[in-house]
Amino acid sequence: MDRKLKAFERLLDIMDQLREGCPWDRKQTFESLRTLTIEETYELADSILKGNKQEIKKELGDILLHIVFYAKIGSETNDFDIADVCDSISEKLIYRHPHIFSDTKVADAKEVEENWEQLKLKEKGGNKSVLQGVPQSLPALVKANRIQDKVRGVGFDWDEKEQVWEKVKEEMYEVENEIRKGDQDKIEQEFGDLFFSLINAARLYGVNPENALERTNQKFMKRFNYLESKTLKQGINLKDMNLEEMDIIWEEAKQFDK
């Protein structure tokens, strides 16, 4: 613990020096750091998907720097400092884990999540609506998953997870029906409903849809890069190949998936 505290103190000292002496660090504001923080968060997400522990460590450091930076800026206007940030999250964690810090009993992780959402609604000055805390700027796929998690916390969910497949089939039928009619706006709406139901199915089966889709993205890119590289080495242009010819090389690429 002593080593960890000293390391954190060292970071705070460095931040103080940078804010005072570095022209770039001096000019930063909450607003100017915002997009950089988003970028760093995506870089952390990438390193997690790769499973590279050293990269994860590095990216966590970058995000920690941003947290310390925001707290430093907040301290300069006497709004809050890093101690306030730490105290705030500590108090929240204690309040929302009464099964650890009080005498509440829970059966499993699902019940913990349900209690968490109920407690959020009770917090003084907290969200008045179950969905009010979902950030509007979240990517649509992530937002859909978060919405479904939120409403599950207050009991709005299927009794049995297998029931979701009827909903998926229903939405698929409605997509096909609107495609036959040719109304592009309604086709888009029905595709949205289908995606939402598939995201819901993934959640019910313990799959994070964002992670699942990104794994497929990475797999597709790897296979396509193999296809492109092999054809270039053979002096062949992809545009001059038919799908059957491409598929032969595509099947070869599958051996490198693992």
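Which helix does Arg-26 lie in? Arg-26 lies in helix α2, which covers residues 23–27, and I will come back to this residue after a few words on the model as a whole. What we have here is a predicted model, in which local features need a pLDDT of at least 70 and side-chain atom pairs count only at pLDDT 80 or more, while totals for chains, interfaces and linings use all residues. Residues are numbered from 1 along each chain as its sequence is written, and side-chain values use heavy atoms, with hydrogens and water left out.

Let me begin with the overall fold. The chain holds 12 helices and zero strands, where helices are DSSP runs of H or I with at least four residues, strands are runs of E with at least two, and the numbering starts from the N terminus. The radius of gyration is 24 Å, whereas a compact globule of 258 residues would have one near 18 Å; the value is taken over C-alpha atoms, and the globule rule is 2.2 Å times the number of residues to the power 0.38. Along the principal axes, the C-alpha atoms fill a box of roughly 65 × 50 × 35 Å.

Of the 258 residues, 23% count as buried, and by that I mean under 20% relative accessible area, with exposed meaning over 50% and partly exposed in between, for a 1.4 Å probe and protein chains only. If we take the contacts (heavy atoms within 4.5 Å) with a separation of 6 or more, residues 24 or more positions apart account for 52% of them.

Now to helix α10, residues 184–204, which has 21 residues and reaches 30 Å from its first C-alpha to its last, close to the 30 Å expected at 1.5 Å a residue; the expected span is 1.5 Å times one less than the number of residues. Its buried residues include Ile-187, Glu-190, Leu-194 and Ser-197, and the buried residues of α10 pack against α8 (140–152), α9 (164–181) and α11 (209–233). As general background, an α-helix has 3.6 residues a turn, so residues three or four places apart point the same way.

Is Glu-190, in that helix, buried or exposed? Glu-190 is buried, because its relative accessible area is 14%. Leaving aside neighbours within four places in sequence, Glu-190 is in contact with Glu-171, Glu-174, Val-175 and Glu-178. Its C-alpha is 53 Å from that of Asp-16, with the two positions 174 residues apart in sequence terms.

Returning to Arg-26, this residue is partly exposed, with a relative accessible area of 43%. Beyond its neighbours within four places in sequence, Arg-26 is in contact with Leu-18, Arg-19, Glu-20 and Gly-21. The C-alpha atoms of Arg-26 and Ile-73 are separated by 9.5 Å, although the two residues are 47 apart along the chain.

Leu-93, placed in helix α5 (residues 82–96), is also partly exposed, at a relative accessible area of 38%. Once its neighbours within four places are set aside, Leu-93 is in contact with Phe-101 and Trp-116, while Leu-93 and Leu-60, 33 residues apart in sequence, are 21 Å apart in space, C-alpha to C-alpha.

The last residue I want to show is Asn-78, in the loop between α4 (53–76) and α5. Asn-78 has a positive phi of about 60 degrees although it is not a glycine. In general, most residues other than glycine have a negative phi. Asn-78 counts as exposed, because its relative accessible area is 73%.
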